[in-house]
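Here is a request to read one model closely, through a few questions about packing and one helix, each answered step by step.

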Amino acid sequence: MKPFLKWAGNKYRIVDKIRGLLPPGRRLIEPFAGAAAVFLNTNYAYNIVNDLNVDLINLYLVLKAHGPAFIDECKSLFVPDNNSPDAYYALRQEFNETKDRVRKSALFLYLNRHGYNGLCRYNSEGGFNVPFGRYKKPYFPYEEMMFFYHKAQTAEFLAEDFETVMRRAEPGDVIYCDPPYVPLSDTANFTSYSAGGFGPEEQLRLARVAEEVSAKGIPVLISNHRNSFTLEAYAAANIESFDVQRFISCDGDNRNKATELLALFNGRHICVG
């Protein structure tokens, strides 16, 4: 099942590869859940779905609690009169000002599907500032939301630091991490790189915590770009590499392949490919 949100880096396209490497367990923990494609396409009895984006987690919590009634409220926003710049910017302003958690969550979905390229971006004051996307008829993900609603009954949703969540793990748990990726190029410009504050120090902290948690018998799988930085950071893991198709400009015909990896921390390591 596809996620009901558009989301940068969503793992639906490689979920089969991820499932093939995730060990069995009682509970799946995702410290960087995003659109939650892995949660949606695995069958663990219990789940912890975590992301630092509070608006995202509140949407998941509201959908879990209110289900079909909330989905109907969201659908009421997907009408032709709301698919215009004036309506979009008015609803975006309402999203940034409202304190009503249910309404804010419905507006978050509206903005996700009507905003430019499904981006999620905030200004320095914390205001959502993605421009209007100009789609002919934005898709309303009814079936995807219903699937998520039913699956969410097995999940706890959190908005905490990844290390806090990972250190909650117990034997029988499995952890999948999808952090902001390191740059496509090698490490030359990495010292100035930070995606949402997730720079090299955070990447190394994640690798260190993964190694420490896995030493307690809790497997940790991490996805990222493959380069010398990640190969060194994940030296204690089993590494599987593969190519994925990427857009490298606004020109849809201009595409390139990038090499990604999946690093499984489980006490021994080997590089594949």
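Q: Leaving aside neighbours within four places in sequence, which residues is F4 in contact with?
A: In this predicted model, contact is taken as heavy atoms within 4.5 Å. With its neighbours within four places in sequence left aside, F4 is in contact with L59, Y60, L63, L109, R113, P141, E144, M145 and F148.

Q: Which element gives the largest share of the largest nonpolar core?
A: That core has 39 residues, of which F4, Y60, M145 and F148 touch the most other members. The elements giving two or more residues to it are α2 (37–40), α3, α4, α5, α6 and β3 (155–158). The largest share, nine residues, comes from α3.

Q: How far apart are the end C-alpha atoms of helix α5, residues 101–114?
A: At the start of this helix, a side-chain oxygen of D100 reaches to within 3.0 Å of the backbone nitrogen of V102. Because each residue should add 1.5 Å, the 14 residues of α5 should span 20 Å, and the distance between the end C-alpha atoms agrees with this, at 20 Å.

Q: What covers the buried residues of α5?
A: A residue counts as buried under 20% relative accessible area, and in α5 this holds for S105, A106, L107, F108, L109, Y110, L111, N112, R113 and H114. Ten of the 14 residues are therefore buried, so α5 is largely enclosed by the rest of the structure. What covers these buried residues includes α3 (54–75), α4 (85–97) and α6 (142–151).

Conventions. Residues numbered from 1 in each chain as written. Predicted model: local features only at pLDDT ≥ 70, side-chain atom pairs only at ≥ 80, totals over all residues. Heavy atoms only, no water. Helix = DSSP H or I, 4+ residues; strand = E, 2+ residues; numbered from the N terminus. Expected span 1.5 Å × (residues − 1). Buried < 20%, exposed > 50% of the residue type's maximum accessible area, 1.4 Å probe, protein only. Polar contact = N/O pair within 3.5 Å; in protein donor to acceptor, adjacent residues only side chain to side chain. Core = buried A, V, L, I, M, F, W, Y, C linked by side-chain atoms within 4.5 Å.
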